[in-house]
Amino acid sequence: MLAQLSFYVVLAAAVLMLSLIAGGVAIAGSVLYRSALLKKEIATRRVLGARRSHIVRMFLSENVLCIAAGIGGGGLVMLAAAGSGHASSLTVLLSSAAMLVGAGLAGGWLAARHAAKIPFSESGLFRTSPD
C-alpha cells in the first residue's frame, strides 16, 4: 500500500515538473514571437538610449501582468468552485501560482534576453538601398 502511494506521488511530481517545463517553454515562445514582431521598436529604443536591461524589463513586466491576470481569474474560478470553506484549495492555489510565476519569469527572462540582443542590422530599421 505504501509503495503504491509513493509511486503515485512520484508520478504526480513528474507530471508537475513536465507541466512547469512546458509552461516555461510556451511563455518563452510567445515572448520570442512578440520580440520578432517588435524588432523595429526594440531597435528604435536601443538607438534612443535604452539599455538591454530596459528591454528585458519591458518584456518581463508584460509577462508578469499577463500571469497575474491569469492567476487572478483562474483563482477566482477555483475558489468559487471549491467553496470558501476549504483551506486546502487556497494552499493549492498559492503553490500553483508561485510555481507558475517562477516558470513564467524564467521563460520570459530567457526570451527577453534574446530579444534584447537583436542586432540593429537585423531589425530592418536601417536598410540601405541598392545603388
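## Exercises on a predicted four-helix chain

Leu105, once its neighbours within four places in sequence are set aside, is in contact (heavy atoms within 4.5 Å) with Leu60 and Val64. The model is predicted, so local features need pLDDT of at least 70 and side-chain atom pairs count only at pLDDT 80 or more, while totals for chains, interfaces and linings use all residues. Residues are numbered from 1 along each chain as its sequence is written, and side-chain values use heavy atoms, with hydrogens and water left out.

**Exercise 1.** Describe the secondary structure of the chain and its contacts by sequence separation.

*Solution.* Begin with the elements: helices (H or I, at least four residues) and strands (E, at least two) are DSSP runs numbered from the N terminus, and the chain comes to four helices and zero strands. Read from the N terminus on, the order is α-α-α-α. Then turn to the contacts with a separation of 6 or more, of which 77% are accounted for by residues 24 or more positions apart.

**Exercise 2.** Place Leu105 in the structure and state whether Leu105 is buried or exposed.

*Solution.* Leu105 has its place in helix α4, which covers residues 87-116. Its relative accessible area is 32%, and Leu105 therefore counts as partly exposed, given that buried means under 20%, exposed over 50% and partly exposed in between (1.4 Å probe, protein chains only). As for one of its contact partners, Val64 stands 41 residues away from Leu105 in sequence, yet the C-alpha to C-alpha distance is 7.4 Å.

**Exercise 3.** Identify the residues of the largest nonpolar core that touch the most other members, and the elements that supply the core.

*Solution.* A nonpolar core is a set of buried Ala, Val, Leu, Ile, Met, Phe, Trp, Tyr and Cys residues joined through side-chain atoms within 4.5 Å. The largest such core has 15 residues, and Val31, Ile42, Ile55, Val56 and Phe59 are those that touch the most other members. Two or more residues each are given to this core by α1 (2-37), α3 (52-82) and α4, and the largest share, six residues, comes from α3. Looking at Ile55 in particular, and leaving aside its neighbours within four places in sequence, one finds contacts with Ile42, Arg45, Arg46, Ala50 and Ala116.

**Exercise 4.** Determine whether Asn63 is buried or exposed, and list its contacts.

*Solution.* Asn63 is found in helix α3. With a relative accessible area of 12%, Asn63 is buried. Beyond its neighbours within four places in sequence, Asn63 is in contact with Ile27, Val31, Gly104 and Gly108.

**Exercise 5.** Locate the salt bridge and explain how its two residues are placed along their helix.

*Solution.* With a salt bridge taken as a side-chain nitrogen of Lys or Arg within 4 Å of a carboxyl oxygen of Asp or Glu, a search of the whole structure finds one. The side chains that meet in it belong to Glu41 and Arg45, at 3.2 Å from N to O. Because these residues are four apart in helix α2 (residues 39-47), about one helical turn separates Glu41 and Arg45. Glu41 is partly exposed at 34% relative accessibility, and Arg45 is partly exposed at 37%.
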